Amino acid sequence: MPTEAFAPAKVNLALHVTGRRDDGYHLLDSLVAFADIGDRIAVAHAPETRLTVTGPRAGGVPADARNLCWRAAELHGTHAHITLEKHLPAAAGIGGGSSDAAATLRALEALTGRGTDFDPLVLGADLPVCLYARAARMQGIGEALTPLDLPPLPAVLVNPGVEVPTGPVFAALPSRENPPMTDMPVARDRQTFLGWLAAQRNDLQAPAIGLQPVIAQVIDALRDADLARMSGSGATCFGLYPVQGAAERAAGRIAARHPGWWTAACTLG
Ligand SMILES: C[C@@](CO)(OP(=O)(O)O)[C@H](O)COP(=O)(O)OP(=O)(O)OC[C@H]1O[C@@H](n2ccc(N)nc2=O)[C@H](O)[C@@H]1O
Ligand SMILES: Nc1ncnc2c1ncn2[C@@H]1O[C@H](COP(=O)(O)OP(=O)(O)O)[C@@H](O)[C@H]1O
């Protein structure tokens, strides 16, 4: 019987780059939320590690040891047949590979009863938050997490179909020492929260637009949202809407105008 796990899309609602370590990794101050859409993982015992990638976004995703799911299983020390049903675009700033690896580890724990006994950072800076899989403030290079309660946020995610590798976007930052997020208000009603969020930033947005100018068109396509911003190192952008129906209508409009883009309505929280 395979054991299944959900790999939700990760969205950086704000992402401040506050410094750089001696090893080149950047210090972050980020508000991370998770969507109710994502990839699906199933694992079953097997004589050796095997990966099958299926689903609408399987194209181009490696099905070998380059895949973070495969590496997660090897580090867990379990031979498994992993099935990855890919719904999220890859190299898109929404943690596809990291969330898949985290879901693989959750599924392997359920299958074997054994947890993760290695430092998840070896699989990437986004692994700790993707293992947590709930809204959090993320600091350090990604290892320091503070849990948060967010109001449910109806949203649209839009990706223009260009892959943006993370390293080159960090390398294109004009400044590596920027102010951290301001203190989040204690009241977490939607209006107060959105007012605060609008005053935060994604420091990777301008360098990513420099590398892929189409990202500016994506933000423009989301101009009727209460707030539109890029997630992670891009190119996926999110727009926040007052209610789910408004998000679904906006997603429909954007998909009709830009049939080549990946567009999805969801709720973040
Ligand atoms: C930028 C973020 C924000 O959540 O998201 P994505 O755009 O990847 O979704 C993450 O920090 C990405 O995490 P992850 O994708 O796991 O990155 P890693 O594989 O560890 O690193 C890829 C490359 O990004 C740069 N990097 C990453 C994280 C960090 N704190 N500082 C960095 O400088 C390094 O050049 C590194 O070689
Ligand atoms: N499970 C996976 N899903 C998608 N891409 C993966 C996966 N494992 C490894 N990769 C590789 O990692 C690269 C970054 O993908 P991804 O983790 O989705 O990006 P990001 O870090 O921007 O969210 C891709 O180009 C792909 O080749």
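**Two ligand shells and a helix pair**

By class, nine nonpolar, nine polar and three charged residues make up the shell around ligand 2. The model discussed here is a predicted one.

Biologist: What makes a residue part of the shell around ligand 2, and which are the closest?
Modeller: The C-beta atom, placed from the backbone, has to lie within 6 Å of the ligand. For ligand 2, 21 residues surround it, with Ala90, Ala91, Gly96, Gly97 and Asp100 the closest. Helix H1 (68–76) and helix H2 (96–112) are the elements that give two or more residues, and H2 gives the most, with four.

Biologist: How do you know that H1 and H2 are in contact, and which residues make the contact?
Modeller: Two residues count as in contact if their C-beta atoms lie within 7 Å. On H1 these are Leu68, Cys69, Arg71, Ala72, Ala73 and His76, and on H2 they are Gly97, Ser98, Asp100, Ala101, Thr104, Leu105 and Leu108. By class, the contact residues divide into seven nonpolar, four polar and two charged.

Biologist: Why is the crossing of H1 and H2 called right-handed?
Modeller: It is called right-handed because the near helix is turned clockwise from the far one. The two pack at an angle of about 35 degrees, with their axes 8 Å apart.

Biologist: And ligand 1, what is the make-up of its shell by class?
Modeller: There, six residues are nonpolar, twelve polar and one charged. Its shell has 19 residues, and Gly124, Asp126, Gly167, Gly232 and Ser233 are the closest.

Biologist: Which domains does the shell around ligand 1 draw on?
Modeller: At least three residues come from each of domain 1 (3–140) and domain 2 (149–268). The shell around ligand 2 likewise draws at least three from each of these domains.

Technical notes. Residues numbered from 1 in each chain as written. Chains lettered and ligands numbered in written order. Predicted model: local features only at pLDDT ≥ 70, side-chain atom pairs only at ≥ 80, totals over all residues. Nonpolar A, V, L, I, M, F, W, Y, C, P; charged D, E, K, R; others polar. Domains from an automatic or database assignment. Axes fitted to C-alpha atoms, helices over the stretch in contact; angles between N-to-C directions.
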